[in-house]
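Student: I have a structure open and want to work through it piece by piece. Can we go by question and answer?

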Amino acid sequence: MGYEPGTAPEPVTLLIGEISEELMTIGESRAEYRIFDGISLDTARKTIGIGGIVFNVRPIIFRQLKDADAVALFICTAGPLIGEMSRKCMQEGDLLKGYVYDVIGSEIVENAADRMQEDIRETALSAGKKITNRFSPGYCGWDVAEQHTLFTFFRNNFCGITLTESALMNPVKSVSGIIGIGAGVRFAPYQCNMCDDKNCIYRNRKTKV
Amino acid sequence: MTELLEKISSCVEYGKVDINSPYPPAMKGQEGAFELTRQALDAGINPGEILEEALIPAMSRVGQKFSRNEIFVPQMLMAAKAMNSSMIHIRPYYLSGQTKRRGTFIIGTVTGDLHDIGKNLVAMMIEGAGWEVLDLGVDVSTEKYILAAEENPGAVIGLSALLTTTMENMRKTVAILKEKFPETKILVGGAPVTAEFCERIKADFYSPDPQGAVDYLKTIA
């Protein structure tokens with residue numbers, strides 16, 4: 001939300017406590033990933049090919065993935081309930097509560113993605129490899145429309161995530177993307193300086209290792 | 001009189017809704033925007049004066065602080081809630097024609113896009129600047145914008161998009177609206193939208209934050 005620790009106004013901290021407690025018992029988060037070896041990297045076009053399917057990840061992400069010899073594709077969701085609760089509050093005029101649901105929903109899905117990423121990291125480590133940060137369509141120059149291509153790699157509806165024509169995920173609190181794997185790749189604890197999107201809603205968010 | 005208006009303004013700025021609201025702690029137990037606005041009207045203060053001297057300046061300060069990163073979204077939402085509690089008493093004067101709005105602002109998130117937080121923030125700041133806001137919601141088709149524009153001649157239109165894919169829908173909607181209503185001012189916004197994109201699609205104004213939209217509207221009404 002932008003506050004330094006301990007500086008959020010009382011109604012916000014109270015709502016965070018109340019909603020977190022409410023959501024504690026729900027546990028709808030799900031994640032799925034698939035690791036692909038034998039990828040093809042086209043330095044000139046800044047693309048990554050997996051079994052004949054090409055992702056045009058653009059220069060910022062390509063720079064991070066160029067030393068990978070495998071990639072993990074992933075989808076992850078916090079489930080439909082949080083987004084529905086947020087929307088309901090907004091529609092009923094309680095914008096603050098709706099907003100807090102939305103922010104907590106984002107935290108939950110990012111935490112789930114962190115756990116999934118840790119799993120991928122351990123798998124890579126056991127093979128003597130490292131991982132990059134995770135990158136999603138719609139960020140760092142990667143066209144969000146490529147999310148349609150990314151979804152073709154997953155079992156139909158495994159996580160219950162569907163895509164609209166405009167590549168919006170439903171449930172809204174979902175993330176998808178790619179992680180590079182290889183002996184020569186690097187994980188950046190802070191990744192916003194890789195990107196030139198000054199308006200990104202995730203800018204300045206600290207990335208967990 | 002002035003003291004009462006200053007108190008209302010302060011309540012709105014700091015999100016003090018009514019006597020029961022515990023926030024901000026320094027104002028706990030004190031009357032809020034709801035009670036003070038009623039008192040002001042009962043004391044004979046013109047509703048237009050309450051709006052111009054208390055509510056609009058308060059929301060303007062909130063918008064400026066947000067632009068400078070001194071406050072964040074929750075405080076804007078709390079201020080808007082306090083303003084709405086004040087507006088409960090003022091709205092009837094709009095309906096009777098005793099108090100005039102600065103204009104009508106039609107807003108919506110473009111077709112294919114379901115994001116609404118940014119759009120809601122802009123809507124409440126513009127309402128706080130004295131405009132009537134017609135919120136068409138999310139996933140708004142071009143036809144809906146056209147209908148709203150036809151029903152509200154002279155209204156300004158705002159379009160929001162949070163996805164690069166729906167920016168294309170924004171472009172199409174702006175093109176059709178400009179063709180049908182060449183004089184209508186169109187504002188665009190949303191995380192992936194830029195001033196360059198705004199210029200390319202021939203919209204009239206882009207702002208990265210709600211206060212920019214409010215400031216622009218001041219220049220045209």
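The questions below cover helix packing, strands and one contact between chains.

Student: What kind of model is this?
Tutor: Settle that before reading any detail. The structure is a predicted model. Local features are taken up where pLDDT is at least 70. The word for the model is predicted.

Student: Is α3(B) oblique or roughly antiparallel to α9(B)?
Tutor: Helix α3 of chain B spans residues 47–67, and helix α9 of chain B spans residues 210–220. Their axes lie 8 Å apart, at an angle of about 130°. Roughly antiparallel needs an angle over 145 degrees. The pair therefore counts as oblique.

Student: Which residues of α9(B) meet α3(B)?
Tutor: Look at the α3(B) side to begin with. It supplies B:Met59, B:Ser60, B:Gly63, B:Gln64, B:Phe66 and B:Ser67. By class, the contact has 3 nonpolar, 5 polar and 1 charged residues. The partners in α9(B) are B:Pro210, B:Gln211 and B:Lys218.

Student: Is the crossing of α3(B) and α9(B) left-handed or right-handed?
Tutor: Handedness describes how one helix is turned against the other. For α3(B) and α9(B), the crossing is left-handed.

Student: How does α3(B) run against α4(B): roughly parallel or roughly antiparallel?
Tutor: Helix α4 of chain B covers residues 73–96. The axes of α3(B) and α4(B) are 11 Å apart and make an angle of about 165°. The crossing is left-handed. Given that angle, α3(B) is therefore roughly antiparallel to α4(B).

Student: How many nonpolar residues are in the contact of α3(B) with α4(B)?
Tutor: From α3(B), the residues include B:Leu51, B:Leu55 and B:Val62. From α4(B), they include B:Met76, B:Met83 and B:Ile90. The contact has 1 polar residue and no charged ones. The nonpolar count is 16.

Student: Is α6(B) roughly parallel or roughly antiparallel to α7(B)?
Tutor: Helix α6 of chain B is residues 142–151, and helix α7 of chain B is residues 164–180. Their axes are 10 Å apart, at about 30°. Angles under 35 degrees count as roughly parallel. So α6(B) and α7(B) are roughly parallel.

Student: Which residues of α7(B) make the contact with α6(B)?
Tutor: α6(B) passes α7(B) in a right-handed crossing. On its side, α6(B) uses B:Thr142, B:Tyr145, B:Ile146 and B:Glu150. The classes are 4 nonpolar, 2 polar and 2 charged. The α7(B) residues are B:Thr173, B:Ile176, B:Leu177 and B:Lys180.

Student: Now chain A. How many residues of strand β9 are buried?
Tutor: Strand β9 of chain A is residues 174–182. Both of its faces are covered. One side includes A:Ser174 and A:Ile178, and the other includes A:Val175 and A:Ile179. The strand is largely enclosed by the rest of the structure, because the buried count is 9 of the 9.

Student: Which residue of β9(A) stands opposite A:Ala70?
Tutor: Strand β5 of chain A, residues 70–77, pairs with β9(A) in the antiparallel sense over 8 bridges. Strand β6 of chain A, residues 130–135, is also antiparallel to β9(A), with 4 bridges. There, A:Ile131 has A:Ile181 as its bridge partner. Opposite A:Ala70 stands A:Ile181.

Student: Which strands stand at the edges of the sheet β2-β3-β4 of chain A?
Tutor: This is an open sheet of 3 strands with antiparallel pairing. Its twist averages 25° from one strand to the next. β3(A) joins β4(A) through 3 bridges, and A:Gly49 stands opposite A:Val54. Two strands have a single partner each, so one side of each lacks a neighbour in the sheet: β2 and β4.

Student: Is B:Asp116 buried or exposed?
Tutor: B:Asp116 sits in the loop between β1 and α5 of chain B. Its relative accessibility is 13%. The cut-off for buried is under 20%. B:Asp116 is therefore buried.

Student: Which residue of chain A is in contact with B:Asp116?
Tutor: Leave aside neighbours within four places in sequence. B:Asp116 then touches B:Thr109 and B:Val138 in chain B. The contact in chain A belongs to helix α3(A) and is partly exposed, at 28%. That residue is A:Arg87.

Student: How far apart in space are A:Arg87 and A:Lys97?
Tutor: A:Arg87 also contacts B:Leu114 and B:Val138. Along the chain, A:Arg87 and A:Lys97 are 10 residues apart. C-alpha to C-alpha, the distance is 9.8 Å.

Technical notes
Residues are numbered from 1 along each chain as its sequence is written. Chains are lettered from A and ligands numbered from 1 in the order in which they are written. This is a predicted model: local features need pLDDT of at least 70, side-chain atom pairs count only at pLDDT 80 or more; totals for chains, interfaces and linings use all residues. Side-chain values use heavy atoms; hydrogens and water are left out. Axes are lines fitted to C-alpha atoms, for helices over the stretch in contact, and angles run from 0 to 180 degrees between N-to-C directions. Angles under 35 degrees count as roughly parallel, over 145 as roughly antiparallel, 65 to 115 as roughly perpendicular and the rest as oblique. A crossing is left-handed if the near helix is turned anticlockwise from the far one by less than a right angle, and right-handed if clockwise. Contact means heavy atoms within 4.5 Å. Ala, Val, Leu, Ile, Met, Phe, Trp, Tyr, Cys and Pro count as nonpolar, Asp, Glu, Lys and Arg as charged, and the others, Gly among them, as polar. Buried means under 20% relative accessible area, exposed over 50%, partly exposed in between (1.4 Å probe, protein chains only). Two strands pair if DSSP finds at least two bridges between them.
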